[in-house]
Every structure is written in structure tokens, then in C-alpha cells.
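Grab your viewer and work through a few exercises with me. Try each task yourself before reading its solution.

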Amino acid sequence: MTFLNLNNVPHLSLRREVVNTAVRMNAAGINHGKSGNVSTRAVNIQGDTEGFLITPTGIDYETLQAEQIVYVNMDGVYSGEVLPSSEWQFHRDIYAARPEIHSIVHTHSIFATTLASHHRDIPPFHYMIAIAGGRNIRCAPYATFGTAELSAAAVTALEGRTACLLAQHGAIACGATLKKALALAVEVEVLAKMYWHALQLGEPPQLSDDEMGRVIEKFKTYGQQPAGL
């Protein structure tokens, strides 16, 4: 990987949005300290190379400045005065595999990580599981953080989904915007908490594939729709 220096700060408003999302992630109680990371798609200063903006490694989100958000292109070349998150590779590989995804939030939230520590998927015990795009929220197998192995495992677990767990690690939530990715990360943690509590009474019953298919279809038009739709 090559380190580049820029004399200016492109994408300043987008960088601020990344910082705000990281701060909100911790404030929402789905992450803590310097763990987790946030990214969103961007192009380089010349506007001709695709990449993404990502939180740096080892800097407290409460003191993080927009200028410290790191631009990484799809070849893994990064620019700025600080190092990118150690997890930049799975962000890059998710963006490469999923063009519809524009933002990613990675957390070490308590209940999602508790389930992930047992390598558990979150099954369709509740219809809201469909919010992540499928009949369950998969748990990717364990791999060392920051490695190509972890990246490949995350991309596979996210096939047909917008969220997954990472075994003995945490959770990933993806969206068309930073706001949507963060909202999904919160919802995944709520579902993980519900499932953990349900497990105290034993494995809960699961909704059928047919029912989950109906819910997934209903979610495509859920909420406020433009007039005429």
C-alpha cells in the first residue's frame, strides 16, 4: 500500500458525515471506544477514480476531525496524514462486490457480538429479520481482523443480505446512505438482543420460508411512498 499526501481536503462535508456517524454509533450504545469503523463511497479529488472514505485506525471518535478521515481507492492506495482503519479491506471488497451499497457501519455491539461469539446466525424468530434482506442474518466464520480471509468471509455472509455477524468479532451493516447503514446496525443489535432473551426460554420457533418471502416483498414498499405508487 502506498501513502500519499494531499495539500487540500476534498469531500469535507462527506468526511464530516462519516465522523458524525461514528460518534452517533457510539452514542447509540452499539459500539464503544475506538472499535468499529465507518465508511462511505467517494471519488478521488480529480473525480476519475472510485474509492471510499473511512475512519482512521486508533483515533477516539470523540476527538476525530473530518480532515483525519482517510480516502482509499479500490486498489488499496490511501491518502491523508493518518492510517485507515485496519478493516479497510472488507469495506473495499464489499463495495467491489455490491455496487448498490454506498455506506458501511461495522460495530462491536454487545448482543450481536455475544451471538457471534457462539458462531450463531440470527434465524427468522421475528419477521423484522427481513430488514437485512433475507430469511436470516448470517454469521461469517472467524478470521483474523484486517485480513483477506475475513474480507472474503464477510462478502460471502452478505450475499443477498445487507447485514451479517462476524464470528467472535462483531457485526456489519450496509446501506445506500450512512444514515440507513447506521439505522440497520441499530436494528441488528435490537434483533440480537431480542433473540438472546428469547433463547433464555429455549430456541424460539421460526417463521417459514414462505412467510419470510412475503415479509421481504412487503418491505420493498414499506413506509411512506411517493404519490401515485
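What follows is a set of exercises, each with a worked solution.

This is a predicted model, where local features need pLDDT of at least 70, side-chain atom pairs count only at pLDDT 80 or more, and totals for chains, interfaces and linings use all residues. Residues are numbered from 1 along each chain as its sequence is written, and side-chain values use heavy atoms, with hydrogens and water left out.

**Exercise 1. Helix α1**

Check the span of helix α1 (residues 12–27), then work out which of its residues are buried and what covers them.

Step 1. Helices are DSSP runs of H or I with at least four residues, strands are runs of E with at least two, and both are numbered from the N terminus. The expected span of a helix is 1.5 Å times one less than its number of residues. For the 16 residues of α1 that gives 22 Å, and the end C-alpha atoms are 22 Å apart, so the two agree.

Step 2. Now sort by accessibility: buried means under 20% relative accessible area, exposed over 50%, and partly exposed in between (1.4 Å probe, protein chains only). The buried set in α1 is R15, V18, V19, T21, A22, M25 and N26. These residues cover an arc of only 155° around the axis, which puts them on the same side of α1; the arc is that of the directions from the helix axis to the C-beta atoms. The spacing helps here: an α-helix has 3.6 residues a turn, so residues three or four places apart point the same way.

Step 3. Flip to the other side of α1, and you find S13 and A27 exposed.

Step 4. The cover over the buried residues of α1 includes β2 (37–43), β3 (50–54), β4 (70–73), β6 (103–107) and α5 (178–199). Just after α1 comes G29, with a positive phi near 85°.

**Exercise 2. S103 in strand β6**

Is S103 buried or exposed, and which polar partners does its side chain have?

Step 1. S103 sits in strand β6. Its relative accessibility is 1%, so S103 counts as buried.

Step 2. Contact means heavy atoms within 4.5 Å. Skipping residues up to four places away in sequence, S103 touches S39, T40, Y95, A173, C174, G175, T177, L178 and A181.

Step 3. A polar contact is a pair of N or O atoms within 3.5 Å; within protein, one must be able to donate a hydrogen and the other to accept it, and residues adjacent in sequence count only if both atoms are side-chain atoms. The side chains of S103 and T40 make one at 2.9 Å. A polar atom of the S103 side chain also lies 3.1 Å from the backbone nitrogen of L178.

**Exercise 3. T107 and N31**

Find the polar contacts made by the side chains of T107 and N31.

Step 1. T107 is also placed in strand β6, and at 2% relative accessibility it counts as buried. Its side chain pairs with that of S109 in a polar contact of 3.3 Å.

Step 2. Beyond four places in sequence, the residues touched by T107 include M25, I30 and N31.

Step 3. Follow that to N31, in the loop between α1 and β2. N31 is buried too, at 5% relative accessibility.

Step 4. The N31 side chain reaches two backbone atoms: the oxygen of S35 at 2.6 Å and the nitrogen of H108 at 3.0 Å.

**Exercise 4. Two helices crossing**

How do the axes of α2 (residues 88–97) and α4 (residues 148–157) cross?

Step 1. Axes are lines fitted to C-alpha atoms, for helices over the stretch in contact, and angles run from 0 to 180 degrees between N-to-C directions. The two axes come within 9 Å and cross at roughly 40°.

Step 2. A crossing is left-handed if the near helix is turned anticlockwise from the far one by less than a right angle, and right-handed if clockwise. The α2 and α4 crossing is right-handed. The contact is made by Q89, F90, D93, I94 and A97 of α2 with A148, L150, S151 and V155 of α4.

**Exercise 5. Positive phi outside glycine**

What are the phi values and accessibilities of H119 and Q168?

Step 1. H119, in the loop between α3 (110–116) and β7 (139–140), has a positive phi near 60°. With a relative accessible area of 43%, H119 is partly exposed.

Step 2. Q168, in the loop between β8 (163–166) and β9 (170–175), has a positive phi of about 50°. Q168 is partly exposed, at 45%.
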